[in-house]
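Open the model in your viewer and keep the selection tool at hand. This tour goes stop by stop.

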Amino acid sequence: TRRWKRRGTKVVLLPQAFGPFTSTAIINAIKCVADHADLIYARDPVSYQHLVEAVGERPNIKMSPDFTNLVEGVVPDDFNIEQNGFCIVPNYRMIDKTSPEVSAAYIPFLISCTKYLQSKGAKPFILIHEGQNDFKLAQQVVSALDTDIKIVREADPLKIKGILGTCEGTLGSRFHSLVSALSQGVPSLGTGWSHKYQMLFDSYHFSEGLLNPLLASDDIFKKIDMVVDDPSKGNIREKITQSAITQKQMTKDMWNEIFREI
């Protein structure tokens, strides 16, 4: 950023999660970035606070949601909407980035949720959002079921978003899978390993949608009922859809601000 600034290059950090900044070296590095960047966008209030605590309040530090909420998805021609109703998106980071208790509980949690969704006639399937490790988790889940479900592997992010937009509901652990679903008004439940997940659900006014794999099964099933059963799923869809409109306008405002700057 120092080199870019000397050359007159505009530097913008698009919305992302920041912090916590826990060492002197990292704090000094982010201070250097803040000194030389024209605009920095934190993706949520906690990230903004981490930044401000490290570098102080500055006019070039702002807040805006994940900008992919404006991207339009594309439904693949070979995706069967009728047979695949409720999307489950695993994330290996729930194994290696969480406490030993949560890590051990994650796969049994996915299996239990999938079986319950099957019993509700929700037509669950698993979508691999990224990575071979996520695929291995999916295989473990499917191998524990009495009835097989489909594992969908799709490399095109636009098609991934298109698939998520067709669903009646999602249970996701990949952050951008949840952004893709929520931004299209899809009733969604999630698990997460950092503050960015809670902040995302808060921004869509559906904080109760974030689950802890350590919850009792009955409590988890009640959450699933919320996004599967009428009339609650319709009410949730409406609330999320209205929040998505606000989030998308914030992203448009951010782009207008960036274009004025550059």
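What follows is a tour of a predicted model, one selection at a time.

**Stop 1: helix H10**

Select residues 217-228, which make up helix H10. Its end C-alpha atoms are 16 Å apart. That agrees with the 16 Å expected for 12 residues at 1.5 Å a residue. Now colour the buried positions: Ile-220, Phe-221, Ile-224, Asp-225, Val-227 and Val-228. What do they pack against? Show S4, helix H5 (100-119), strand S8 (188-190) and helix H11 (232-261), the partners of the buried residues of H10.

Stay on Asp-225, one of the buried residues of H10. Its side chain meets that of Lys-120 in a salt bridge, 3.1 Å from N to O. Asp-225 lies in helix H10 and Lys-120 in the loop between H5 and S5, so the pair ties together parts 105 residues apart in sequence. Lys-120 is partly exposed, with a relative accessible area of 30%.

**Stop 2: helix H8**

Select residues 175-182, helix H8. The helix is mostly covered, with seven of its eight residues buried. Those seven are Phe-175, Ser-177, Leu-178, Val-179, Ser-180, Ala-181 and Leu-182. Their packing partners are S4, helix H7 (157-166), strand S7 (169-172), S8, H9 and H11.

Next, pick Arg-174 and Glu-130. Their side chains meet in a salt bridge at 3.6 Å, N to O. Arg-174 sits in the loop between S7 and H8, and Glu-130 in the loop between S5 and helix H6 (132-143), so the bridge ties together parts 44 residues apart in sequence. Buried or exposed: which is Arg-174? Arg-174 is buried, at 15% relative accessible area. Glu-130 counts as partly exposed, at 42%.

**Stop 3: the salt-bridge network**

How many salt bridges are there? The count comes to 13. Select Glu-261 and Lys-10, whose closest N and O atoms are 3.2 Å apart. Glu-261 lies in helix H11 and Lys-10 in the loop between helix H1 (2-6) and S1, so this pair ties together parts 251 residues apart in sequence. Glu-261 is partly exposed at 30% relative accessibility, and Lys-10 is partly exposed at 42%. Add Lys-5 and Asp-38: with Lys-10 and Glu-261, they are linked in a network of salt bridges.

Then select His-36, in helix H2 (residues 24-36). His-36 counts as buried, at 18% relative accessibility. Leaving aside neighbours within four places in sequence, His-36 is in contact with Thr-1, Arg-2, Lys-5 and Val-11.

**Stop 4: aromatic pairs**

The model has seven aromatic pairs. One of them is Phe-201 with Phe-206, a tilted pair: 6.4 Å centre to centre, 45° between the planes. Phe-201 is buried, at 0% relative accessible area. Phe-206 is buried too, at 0%.

Move to Trp-255 and Phe-259. Their ring centres are 5.8 Å apart and their planes at 20°, so the pair is stacked. Both residues lie in helix H11, four residues apart, about one turn of the helix. Trp-255 is partly exposed at 25% relative accessibility, whereas Phe-259 is exposed at 52%. Add Phe-67 to the selection: ring pairs link Phe-67, Trp-255 and Phe-259 into a cluster.

**Stop 5: backbone checks**

Most residues other than glycine have a negative phi, and most peptide bonds are trans. Which bonds and residues here are worth selecting on that score?

- Gly-19 and Pro-20 are joined by a cis peptide bond, with omega about 0°. Pro-20 is in the loop between strand S1 (12-16) and H2.
- Asp-230 and Pro-231 are joined by a cis peptide bond, with omega about -5°. Pro-231 is in the loop between H10 and H11.
- Lys-123 has a positive phi, near 55°. Lys-123 lies in the loop between H5 and strand S5 (124-128) and is partly exposed, at 42% relative accessible area.
- His-205 has a positive phi of about 55°. His-205 lies in the loop between helix H9 (195-203) and H10 and is exposed, at 55% relative accessible area.

**Stop 6: a surface patch**

Switch to a surface view. Select Val-71, Val-74 and Leu-158, which make a nonpolar surface patch of about 200 Å². Val-71 is in the loop between strand S3 (61-63) and strand S4 (86-89). Val-71 counts as partly exposed, at 36% relative accessibility.

Methods. Residues numbered from 1 in each chain as written. Predicted model: local features only at pLDDT ≥ 70, side-chain atom pairs only at ≥ 80, totals over all residues. Heavy atoms only, no water. Patch = residues over 30% accessible without salt bridge, like charges linked within 9 Å, V, L, I, M, F, W, Y side chains within 5 Å. Areas by Shrake-Rupley, 256 points an atom, 1.4 Å probe, with all protein chains shown as cover. Salt bridge = Lys/Arg side-chain N within 4 Å of Asp/Glu carboxyl O. Helix = DSSP H or I, 4+ residues; strand = E, 2+ residues; numbered from the N terminus. Buried < 20%, exposed > 50% of the residue type's maximum accessible area, 1.4 Å probe, protein only. Expected span 1.5 Å × (residues − 1). Contact = heavy atoms within 4.5 Å. Phe/Tyr/Trp six-rings, centres within 6.5 Å; stacked < 30°, edge-to-face > 60°.
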